[in-house]
Every structure is written in C-alpha cells, then in structure tokens.
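Q: I would like to learn how to read a structure of this kind feature by feature. Could you take me through it, giving the general idea before the particular case?

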Amino acid sequence: MRVLLVEDEPAAALVLAKGLREQAYAVDIAGDGDTAIFQAGTTDYDAVILDVMLPRRDGFSVCRAIREAGSMVPILMLTARDAVEARIEGLDCGADDYLVKPFDFGELLARLRALVRRGRQPLLPERITVGPLVIDTRSRQVRLRNSDVLLTAKEYALLEYFVRRAGDVVSRADISEHVWDEHHDPLSNVVDVYVQRLRRKLDRSGSESLIRTRRGEGYQLVIGAVAS
Ligand code: CA
C-alpha cells in the first residue's frame, strides 16, 4: 500500500514515514500543499495522510483541491485543534477521517487500515484467504498450507498487493506504483527480484508457482491454486 504523507515539519514527517515503512507501507512525503496536490494527481495512492497546519495553503484547501480534481483517494486529516469547527471543516472539504495531534501511532495505523480497506475497492476483511494462502493484514502474518511464512516488510507488501488483486493480471508498473515509493526506479528489475524471492518462500519444488508470469503483461496470483 502506498501512502502520500503531507507534512511540512521535516522531523515529524520523517518519524511518521519511518514508522509507516516499518509497517510495510511505501511512503512519499510532500512538504507543502501544492506539491501534495500535484503528487495526488499523478500517482494512484492508496491513502493520503494530510496535516492541516501547512504553510501557505492549509490542509483543508489541499483536501478540497484533491477532491475537485476528481480523486476519491481516502484522506486522513491530522489536526492540532480538537475544535468541533475544525472537525466539521475537515469532513466538509472531503476528508474521510481525522486524527487530533498528538495521536497514538497505533491509532493512526488502525484508521489507515480502515480507510485503505474501505478505499475504492470492494471491502476486504482484515484476514484474506486465497486458496491455501491466508494473510492477516493487521499482524502481517502469512500462512500457507497451515504453516507460517516469514517475510520481510517489502516481501509482505508485495504479497499483500497480489492478494488484494488476486486473479487479476497486474503489471510491473501497477506493482511498483503501489508497493514502492517515488525513489524506486521503474526501469529497474527490483519487482522481478522480489517476485522471485516470494516464489522461493511460497512455492514447493516441482509444483507450479502461485505467482504466474504473464509474458508481456506482468504477474498473476492464481486464485484457488492447488492446495494439499
Ligand atoms: Ca505541519
């Protein structure tokens, strides 16, 4: 899942981004409202975390501009004011949820998970089962044929993306847009490298891979791939 974090204070932004990356999110940071509007218009984010207190253009104005551009990306506003007016303004300008600073990081994660689940896709449960594979998006635990599979944060993020798109053919561009951040070079072969790593952890020798290569198109997690 890829998130745009809009926060002008570099120290606060870095702490939050580090925490989110540890939870397997790909995170881009925008330091001001105009940059945020541009990035939200050019990248298909899974969620935007938007600080209200920004220089020049505040978070309410940014939120309104993102909605006016037609984007339905889930937006979580961070506000320093617990005033009713601030909450009302946030919801009125098209935010999906808000959190009052200072907040508990665990609560931010829970709200983010809820927003991404609601997202623009059909509602998915916290625990998703695809054939013999079960992933828990809260604990990020993966089980395959009733055994735990230990994955790194990035391997998990890639697998979760495949699971959310199970059965679809997903291109390398789709994968890099949702699993990596803007520092990822789309021309590198890192997506293929990570798919190979997942296959090594998920597949049994001699049987067909859960993640099929679709020549010229990308990859496909096969639904109902043979269990046993
Ligand atoms: Ca700020």
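Q: Before the details, how many helices and strands does the chain have?

A: The model is a predicted one, and its chain has 8 helices and 12 strands. Along the principal axes, the C-alpha trace spans about 60 × 35 × 30 Å.

Q: What does the radius of gyration say about the chain?

A: The idea is to set the value beside the one expected of a compact globule with that number of residues. For 228 residues the expectation is near 17 Å, and the chain, at 19 Å, agrees with it. Two further totals fill in the picture: 47% of the 228 residues count as buried, and of the contacts between residues at least 6 apart in sequence, 59% join residues at least 24 apart.

Q: What can be said of the surface and of the charges on the chain?

A: The chain exposes about 11,300 Å², of which carbon and sulfur atoms supply 51%. There are 32 positive and 35 negative side chains, and the centres of these two sets lie 8 Å apart.

Q: Which residues coordinate the calcium ion?

A: One reads such a site by listing the donor atoms and then finding their places along the chain. Here the calcium ion is coordinated by Glu-7 (OE), Asp-8 (OD), Glu-9 (OE), Asp-51 (OD) and Met-53 (O), at distances of 2.1 to 2.6 Å. Along the chain these donors follow the spacing E-D-E-x41-D-x1-M. Since water is not among the atoms, a site of this kind may look incomplete.

Q: Are Glu-7 and Glu-9 buried or exposed?

A: A residue counts as buried under 20% relative accessible area and as exposed over 50%, with partly exposed in between. Glu-7, at 4%, is therefore buried, whereas Glu-9, at 39%, is partly exposed.

Q: Where does Leu-5 lie, and what does Leu-5 touch?

A: Leu-5 lies in strand S1, and its relative accessibility of 0% is why Leu-5 counts as buried. Leaving out residues up to four places away in sequence, Leu-5 touches Ala-13, Leu-16, Ala-17, Val-27, Asp-28, Ile-29, Ala-30 and Ile-49. Sequence separation and distance in space are separate readings: Leu-5 and Thr-79 are 74 residues apart in sequence, and their C-alpha atoms are 14 Å apart in space.

Q: With which residues is Gln-39 in contact, and is Gln-39 buried or exposed?

A: Gln-39 lies in helix H2, residues 33-42, and counts as buried because its relative accessibility is 9%. Beyond its neighbours within four places in sequence, Gln-39 is in contact with Leu-4, Asp-28, Ile-29, Ala-30, Tyr-45 and Glu-182.

Q: Which residues of helix H7 are buried, and what do they pack against?

A: In helix H7, which covers residues 172-179, the buried residues are Ile-175, Ser-176, His-178 and Val-179. Their packing partners are the strands S1 (2-6), S2 (26-30), S10 (169-170) and S12 (218-221), together with the helices H6 (153-164) and H8 (190-202).

Q: What does Leu-158 touch?

A: Leu-158 has its place in helix H6 and is buried, with a relative accessible area of 0%. Not counting residues up to four places away in sequence, Leu-158 touches Ile-175, Val-179, Tyr-194, Val-195 and Leu-198. The last of these, Leu-198, is 40 residues from Leu-158 along the chain, and the two C-alpha atoms are separated by 8.5 Å.

Q: How should I read the backbone angles, and which residues have a positive phi although they are not glycine?

A: Most residues other than glycine have a negative phi, and most peptide bonds are trans, so departures from either pattern can be picked out and located. Arg-140 has a positive phi of about 60 degrees; Arg-140 lies in the loop between strand S7 (133-136) and strand S8 (141-144) and, at 28% relative accessibility, counts as partly exposed. Asn-146 has a positive phi of about 70 degrees, is placed in the loop between S8 and strand S9 (147-149), and at 67% relative accessibility counts as exposed.

Q: Where is a cis peptide bond found?

A: A cis peptide bond joins Lys-101 and Pro-102, with omega at about -5 degrees. Pro-102 lies in the loop between strand S5 (97-100) and helix H5 (105-118).

Terms used
Residues are numbered from 1 along each chain as its sequence is written. This is a predicted model: local features need pLDDT of at least 70, side-chain atom pairs count only at pLDDT 80 or more; totals for chains, interfaces and linings use all residues. Side-chain values use heavy atoms; hydrogens and water are left out. Donors are N, O and S atoms within 2.8 Å of the metal (3.2 Å for Na, K and Ca); water is not among the atoms, so sites may look incomplete. Buried means under 20% relative accessible area, exposed over 50%, partly exposed in between (1.4 Å probe, protein chains only). Helices (H or I, at least four residues) and strands (E, at least two) are DSSP runs, numbered from the N terminus. The radius of gyration is taken over C-alpha atoms; the globule rule is 2.2 Å times the number of residues to the power 0.38. Contact means heavy atoms within 4.5 Å. Accessible areas come from the Shrake-Rupley method with a 1.4 Å probe; for residues, only the protein chains shown count as cover. Lys and Arg count as positive and Asp and Glu as negative; His and the chain ends are not counted. The place of a charge is taken as NZ of Lys, CZ of Arg, CG of Asp or CD of Glu.
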